[in-house]
Structures are given as structure tokens and as C-alpha cells.
Amino acid sequence: MTTGVLDSGVGGLTILMQLRKRYPQSNFIYLADHAFCPYGTKPAGKLKERVVDMAKLLVTLGATNLLFACNTASLFAKEAEQALSVRVSEVITPTAQAACGATKNKKIALVATRNTIRSGAYRNIFAKNGVSTYCADGGELVFLAENAAPKSERLRCVQKILSANFGGADVLVLGCTHFPLFIKYFRRCWKGKIVCSRTDLHPQRAEGEVRYFTTGDAAAARRAAAVFGDVPFEKILPQGV
């Protein structure tokens, strides 16, 4: 069994590294779709088509089940599952449920990309649990993460995002897997609880092999992922995509 992990860039590595620690003998294929990054600003129709195409590519590479380690890609998990007849796990539902369990005053601040916010996916889950949602677009952080921006610029961006009116929310949801790369800045500026993207995936054990691919420039991908160590990205050119 091999789990294919999809993200628009290096953000999903925050999920993959957690899974590797918990399941060191499981097989993974990580695909960073840098050629189409960022997902958070793309038109919904084109994005859905792209996500399904990337899911197909992961299956072609040998994945037997998939994890969309990207909040925006997670919006199309059901479509990909229907198109490929393989299990597709996502990060929005378990993250939203964790946030609902953490809030005391039923008010949650959501920082996410434009498409994730517009979809209402988080807001719908929160509403079913009697929770009010206060949103802010954090899409600029994706660009900063992928381009290894300096610390001062990262802090400035987080401060700007958190200057929004969050209605007294006591929980902050980082609704993009790139955002935990800025966790120390969020912790410096946010006094309440912080919930990062998570998954309820439980991969099966195998040989513990991990392969890394990018649809963009491999050297640039390795530089963007340097915070995780030496990540050996290989460039892949999907046919027909």
C-alpha cells in the first residue's frame, strides 16, 4: 500500500512529516504541483480539473490511496474519489472538528486561502456545531513560504493578517498546510489556541519508502523545502496535463 500525498507546493510536507513520524514503515509519494501553485487563487473549474489530473498522476506513479494535504485541493476530494475509484482523504473535516472541540466561546478565527474561504467548507462545519466563523485571507503566506522569504517579512505578513476583526474568537485555525511554517509568528501574535491542518488518515505499513515529485523546478522546490531538511524532489512532466 502506498499513499499519494498532493499539495500545491511544500505546505503538505507539514502533514507528511507528521505521518512519517507516526508511521515510519509506510510508503508515500509526495507530489507538489508547483507548476499550478498557488491553488488558493485559481478559478474553481480549472482547479477541480487540475486536482483530479494530479490525483490520476499519483495513481499512475503507484499510489493506492490518496491524501489531499492541501485545504483547497480538499474541496475536490469527492470528485477525485469518484473519478478514480480510490480512497481520498482530506484535511478540512478533521481540522474543523478539532477546532470545534477546542473553542470555549463558540467563535473561531479562520485564516485560509481565498478559495478555501469562499467555498464555505469550514464555515458549514462550524455552523453545524453552533460556532461562528471570522475569516481572513492568508494567501500571501503561500508565496512567502515557496520563496523562502526573510523572517522580518514573514512576521510582518502574519501581523497584517491578524489585524483583522475576529470577533473575540478564542481559537485560530490555520486553514492551509503552508501556514504551520509560520507557527512561531502566529504564536507570538495570537493569544488563544491555534489549530493547524490535520488528517485522520491511518496508512498501512510497508517498506517505508518515500518519493518526492514536483511539476515545477526541482531545485527551487528543494530550496523551499529546506526547513524540512534535504528533500530530494524530482521534476515530473505529466503527459496530457
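**Strands, a buried threonine and two crossing helices**

Mentor: Let's start with one pair: F28 has V210 in β9 as its bridge partner. Keep in mind that this is a predicted model.

Trainee: What makes strand β2 and strand β9 a pair?

Mentor: Two strands pair if there are at least two bridges between them. Strand β2 (residues 27-32) and strand β9 (residues 210-214) are joined by five bridges, so by that rule they pair. They run parallel.

Trainee: Where do they sit in the sheet?

Mentor: The open sheet has six strands in the order β4-β3-β1-β2-β9-β10, with parallel pairing.

Trainee: Why are β4 and β10 called edges?

Mentor: Each has a single partner strand, so one side of β4 (88-89) and one side of β10 (234-235) has no neighbour in the sheet.

Trainee: Now T2 in strand β1. How do you know whether T2 counts as buried or exposed?

Mentor: Buried means under 20% relative accessible area. T2 has 14% relative accessibility, so T2 counts as buried. Residues that T2 touches include F28, our starting point, along with N27 and I29.

Trainee: And the helices? Why is α2 called oblique to α4?

Mentor: The axes of α2 (residues 44-60) and α4 (residues 77-84) cross at roughly 50 degrees and come within 9 Å. Under 35 degrees would count as roughly parallel, and roughly perpendicular takes 65 to 115. The crossing angle of roughly 50 degrees therefore makes α2 oblique to α4.

Trainee: Which residues meet there?

Mentor: From α2, K48, V52, A55, K56 and V59; from α4, E79, A80, A83 and L84. Six of the contact residues are nonpolar, three are charged and none is polar.

Terms used. Residues numbered from 1 in each chain as written. Predicted model: local features only at pLDDT ≥ 70, side-chain atom pairs only at ≥ 80, totals over all residues. Heavy atoms only, no water. Axes fitted to C-alpha atoms, helices over the stretch in contact; angles between N-to-C directions. Helix = DSSP H or I, 4+ residues; strand = E, 2+ residues; numbered from the N terminus. Parallel < 35°, antiparallel > 145°, perpendicular 65-115°, else oblique. Contact = heavy atoms within 4.5 Å. Nonpolar A, V, L, I, M, F, W, Y, C, P; charged D, E, K, R; others polar. Buried < 20%, exposed > 50% of the residue type's maximum accessible area, 1.4 Å probe, protein only. Lists of a residue's contacts leave out its neighbours within four places in sequence.
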